[in-house]
Amino acid sequence: MSTMQSPAHPLAGQRALVTGGSSGIGAAVARALAAAGAKVVVNYAAAEDKARQVIDAIHAAGGEAMAVRADVSQEDQVQAMFSTMLEDYGSIDILVNNAGLQHDAHFPDMTLKDWRRVLDVNLTGQFLCAREAAREFIRRGVVSELSRAAGKIVCMSSVHERIPWAGHANYAASKGGISMLMKTMAQELAQYRIRVNSIAPGAIRTPINRSAWDTPEAEATLLSLIPYGRVGDPPDIAQTAVWLASDASDYMTGATLYVDGGMTLYPGFRTGG
Ligand code: BGC
């Protein structure tokens, strides 16, 4: 273990960017990375007040963080965000490519606008942020006091990189794309000691899927898809992100960790087949 790290603060001295860090899974990831010792840039697209709440919570817990606005689908805004981060924090060690959204529609009614917006944010946004991070990781190289890797990229995918999802063709396609983007980056960037992995969350209690759990009837239907018998909470994912960003996972690259209470285990076959 290198000098700055401790079991309680495995990310001490490191600098992390969490896209879409103002709510849901992203907010929990930002807080967990800060608790693990990283300085965190909390990216948000519009909700400045929510980003501010995340920053305030991190500061109250003794951590360091700042909020930076950028629409991750826009190249100029992504580049401006990285410039701000590199100026203020000196470099970047961890990128959590988390920003994502849903614009659901029955397939015959899906508009090109809805298709493009979801692909632009969920997939192109991950490409644009990962490219900027990779450039800085390669320029700087390994700093052995901080980490065995020159940089770590964690892509927030979904069980829907594997499970087809009626009514969500744009979203499922974006997550399927993330699967191959992540693996290709992992293969290509390993030579620079850059690790790239994904987390594929199942149903996590956040605003993106509120209608799936906010009534007892909806939650019961959702639970029929989750063998472990509970809806996930953001910290379930945040702890996985901390581990993937730390040297505890130093030999792991190109992997997708399904954190889904068994949603990808074909729950229909528990009683059938
Ligand atoms: C979606 C949620 C959904 C979950 C499981 C996630 O990727 O964003 O809306 O509840 O997958 O289906």
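## Asp 233, between two helices

Asp 233 sits in the loop that links helix 6 to helix 7, the latter covering residues 234-245. This is a predicted model, so read every value here as computed from predicted coordinates. With a relative accessibility of 33%, Asp 233 falls into the partly exposed class, because that class runs between the 20% limit for buried and the 50% limit for exposed.

Leaving aside residues up to four places away in sequence, Asp 233 touches Ile 204 and Arg 205. Looking along the chain instead, Leu 244 is eleven residues from Asp 233 in sequence, and their C-alpha atoms are 18 Å apart.

## Thr 206, a buried loop residue

Thr 206 also belongs to a loop, in this case the one between strand 6 and helix 6 (216-223). Is Thr 206 buried or exposed? Its relative accessibility is 7%, so Thr 206 counts as buried, the cut-off being under 20%.

As for what surrounds it, Thr 206 has contacts with Gly 24, Ile 25, Trp 213 and Pro 234, once residues up to four places away in sequence are set aside.

## Two positive phi angles

Now for some backbone. Arg 193 isn't a glycine, yet its phi is positive, at about 65 degrees. You'll find Arg 193 in the loop between helix 5 and strand 6. At 53% relative accessibility, Arg 193 makes it into the exposed class, for which the value has to be over 50%.

Tyr 266 is another non-glycine residue with a positive phi, near 50 degrees. Tyr 266 lies in the segment after strand 7, and its relative accessibility of 61% puts it in the exposed class.

## Helix 5 and its packing

Helix 5 takes in residues 169-189, 21 of them in total. From first C-alpha to last, helix 5 spans 30 Å, close to the 30 Å expected at 1.5 Å a residue.

Which residues of helix 5 are buried? Here's the list: Asn 170, Tyr 171, Ala 172, Ser 174, Lys 175, Ile 178, Ser 179, Leu 181, Met 182, Met 185, Ala 186 and Leu 189. Lys 175 is in there, so a residue that counts as positive is one of the buried ones in helix 5. The buried residues of helix 5 pack against one helix, helix 4 (112-140), and against strand 5 (151-156), strand 6 (194-201) and strand 7 (256-259).

## The whole fold

Stepping back, the protein has seven helices and seven strands. Along the sequence they come in the order β-α-β-α-β-α-β-α-β-α-β-α-α-β. The radius of gyration is 18 Å, close to the 19 Å that the globule rule gives for 273 residues, so the protein is as compact as a globular protein of that length. Along the principal axes, its C-alpha atoms fill a box of roughly 55 × 40 × 40 Å.

Contacts reach a long way along the chain: take those between residues at least 6 apart in sequence, and 73% of them join residues at least 24 apart.

## Burial, surface and charge

Of the 273 residues, 51% are buried. The protein exposes about 12,700 Å², and 54% of that area comes from carbon and sulfur atoms.

On the charge side, there are 24 positive and 27 negative side chains. How far apart do the centres of the two sets lie? They are separated by 4 Å.

Note on methods:
Residues are numbered from 1 along each chain as its sequence is written. This is a predicted model: local features need pLDDT of at least 70, side-chain atom pairs count only at pLDDT 80 or more; totals for chains, interfaces and linings use all residues. Side-chain values use heavy atoms; hydrogens and water are left out. Helices (H or I, at least four residues) and strands (E, at least two) are DSSP runs, numbered from the N terminus. The radius of gyration is taken over C-alpha atoms; the globule rule is 2.2 Å times the number of residues to the power 0.38. Buried means under 20% relative accessible area, exposed over 50%, partly exposed in between (1.4 Å probe, protein chains only). Contact means heavy atoms within 4.5 Å. Accessible areas come from the Shrake-Rupley method with a 1.4 Å probe; for residues, only the protein chains shown count as cover. The place of a charge is taken as NZ of Lys, CZ of Arg, CG of Asp or CD of Glu. The expected span of a helix is 1.5 Å times one less than its number of residues.
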